[in-house]
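This report introduces a protein structure to a reader who has not met it before. Please keep the sequence and the three-dimensional view at hand while reading.

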Amino acid sequence: MRRPVDLQTEITQTPAWWHDAVFYQVYVRSFADGNGDGVGDLDGITSRLGYLELLGVQALWLTPFYRSPMVDHGYDVADPRDVDPLFGDLDAFDRLVTESHRRGIKITIDLVPNHTSDQHEWFRAAVLAGPDSPERERYHFLDGSGEHGELPPNNWTSIFGGPAWSRVADGQWYLHLFAPQQPDLNWANPEVAADLARTMRFWLDRGVDGFRLDVAHGMAKPDGFPDMAPGALEGAGVLHDNALDPRFDNDGVHDIHRMIRKVLDEYPGTMAVGEIWVKDSERFTRYLRADELHLGFNFQLVDADFNAESVRAAIESSLAAVATVDSPPTWTLSNHDVVRHVTRYGGGELGWRRARAMALVELALPGVVYLYNGEELGLGDVELPDWARQDPIWERSGHTELGRDGSRVPIPWEGTEAPFGFTTGTASWLPIPAEWATLTVEAQLEDPDSTLSLYREAVELRKTHPAFAGMELEWYGAPEGCFAFRRKGSGLVCALNTGPRPVPLPAGQILLSSMPLSDGQLPPDAAAWLL
Ligand code: GLC
């Protein structure tokens, strides 16, 4: 079903629906379980849409729910055009879309174009077909180095640890930037692009409003597979630098984004956001040219410590990165791949206070905000027992790296004991700590001082108050360890105190604060909105 063309005219005249939207990332396994098996699913999400409406978010991003052996919890896709039985079926998906749209909530879904599962029919056929077959041309199968091809073709490592190459029985090696069960597709093969276009139309025809593109800086590979520079990963942090690390951000990736954009343009009012872990701002911006992605995930706030100087630098550089393109900035503090910000900021009461402050900073900024499910409850990472850990990073690192399970623990909904209404079954796929009894949605909903209430109020003001208009910021002079900015033109002021003492606030009336003021001053580890 194509959307009517007169809609297109309307859309080009008003700002796109996403230009200042609050998106909410649903980690499908962990949001709500509708069938009692301990794993979140599509019907579970549908049953909790009332909550999301109350929270006030305008759009959802659903992590992959496609057929998958679940080695990387769904980012290993065996059939991108079907729902895994663990999460429901296509009817459940259609129900979710219809019911979300009825409530005015847009649905965006994850696409995984860089790799498939090793159980995808293409990969199974490739393994069987042998060297030089057209089946192998859909992936990166190469002969090894060394006298007898016994060594991998180059020195690339997998993001999940160990070499990025695995060997099949006939001696060839295949590339996997992630787990061996996630072989990288060969985007030089036109069949690969055609298949992604087919997948996109499949879901667009079912009514989705857009996509989040997984590893959007990864699909193109450099000719000749040059080695990574020695020390390429030392001190690299979470962002990739193509000058040292040829695995990501190769120039050929932009043709792929142009092809993706063409498909989206057939469906007016739809959008794509890319996961782009790219260090250099200028290279990041290339993904946002008019014929490429609508939005790019920006991870600078994830990278910044809780101090006014770092946060300000992250904000300024994020704004500068999109200044030359027609794409609003995006802001994110947490997602399913990183340690939750309550924990990053020190955990416990301190981390919780700081996370509340940063929520106000983030929601005061112009552009698009991505919330990660559970952050509105003030959840931190959970220290899981080793037996419970499931992330491939944990296994592949020989249990030296904990992996990402700690930020993926299911949402506590209600009641006084685990699994807190997440499932009607007895256990959730990752155990929920008993201490979360005070953090359930039920416990926070009616409490005006709860984190949930703070988020609800902040999201509501952001959506309805005229002081949040305009894209530019003006910075005030501020005491050390603090900052204050104003939305130029519309007037909202946001002040942050990361220092050790209470500080006076700029002139104005308080609209909202993350902690009660102390004698009219902004306490440490707090933020406030003023007008
Ligand atoms: C992205 C996802 C992550 C996944 C990886 C491989 O980074 O966010 O969860 O493991 O891609 O698909």
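The text below treats the ligand and its surroundings, followed by three individual residues. The structure is a predicted model.

**The ligand and its surroundings**

The ligand occupies the space of the largest pocket. It is surrounded by 14 residues, and the closest of them are Asp72, Asp214, Glu275, His336 and Asp337. Polar side-chain atoms approach oxygen atoms of the ligand, as the following table sets out for His115, Asp214 and Arg404.

| Residue | Atom in the side chain | Atom of the ligand | Distance |
|---|---|---|---|
| His115 | N or O atom | oxygen | 2.9 Å |
| Asp214 | polar atom | oxygen | 2.8 Å |
| Arg404 | N or O atom | oxygen | 3.0 Å |

Asp214 thus appears twice in this account: it is one of the closest residues around the ligand, and a polar atom of its side chain lies 2.8 Å from a ligand oxygen. Taken alone, the ligand exposes 310 Å², of which the protein buries 96%.

**His254**

His254 belongs to helix 8, which comprises residues 253-265. Is this residue buried or exposed? His254 counts as buried because its relative accessibility is 4%, below the limit of 20%. When residues up to four places away in sequence are set aside, His254 touches Arg286, Tyr287, Arg289 and Glu292.

**Pro222**

Pro222 lies in the loop that joins strand 9 (210-213) to helix 8, and His254 is placed in that helix. With a relative accessibility of 13%, Pro222 also falls under 20% and therefore counts as buried. Which residues does Pro222 contact, apart from its neighbours within four places in sequence? They are Trp156, Pro246 and Asn250. Ala320 stands 98 residues from Pro222 in sequence, and the C-alpha atoms of the two are 29 Å apart in space.

**Phe422**

Phe422 is located in a loop as well, between helix 14 (392-396) and helix 15 (441-445). Its relative accessible area is 1%, so Phe422 is buried. How far apart in space are Phe422 and Gly36, C-alpha to C-alpha? The distance is 8.8 Å, although 386 residues separate Phe422 and Gly36 in sequence.

**Summary**

The ligand takes up the space of the largest pocket, and the protein buries 96% of the area that the ligand exposes when taken alone. His254 in helix 8 is buried, and so are the loop residues Pro222 and Phe422.

Terms used
Residues are numbered from 1 along each chain as its sequence is written. This is a predicted model: local features need pLDDT of at least 70, side-chain atom pairs count only at pLDDT 80 or more; totals for chains, interfaces and linings use all residues. Side-chain values use heavy atoms; hydrogens and water are left out. Helices (H or I, at least four residues) and strands (E, at least two) are DSSP runs, numbered from the N terminus. Buried means under 20% relative accessible area, exposed over 50%, partly exposed in between (1.4 Å probe, protein chains only). Contact means heavy atoms within 4.5 Å. A residue is near a molecule or strand if one of its heavy atoms lies within 4 Å of it. A polar contact is a pair of N or O atoms within 3.5 Å; within protein, one must be able to donate a hydrogen and the other to accept it, and residues adjacent in sequence count only if both atoms are side-chain atoms. Accessible areas come from the Shrake-Rupley method with a 1.4 Å probe; for residues, only the protein chains shown count as cover. On a 1 Å grid over the protein atoms alone, a cavity is a set of points where a 1.4 Å probe fits but cannot get out, and a pocket is an open set with protein on both sides within 12 Å along at least five of seven lines; lining residues have an atom within 4 Å of a point. A molecule sits in a cavity or pocket if more than half of its atoms lie within 2 Å of its grid points.
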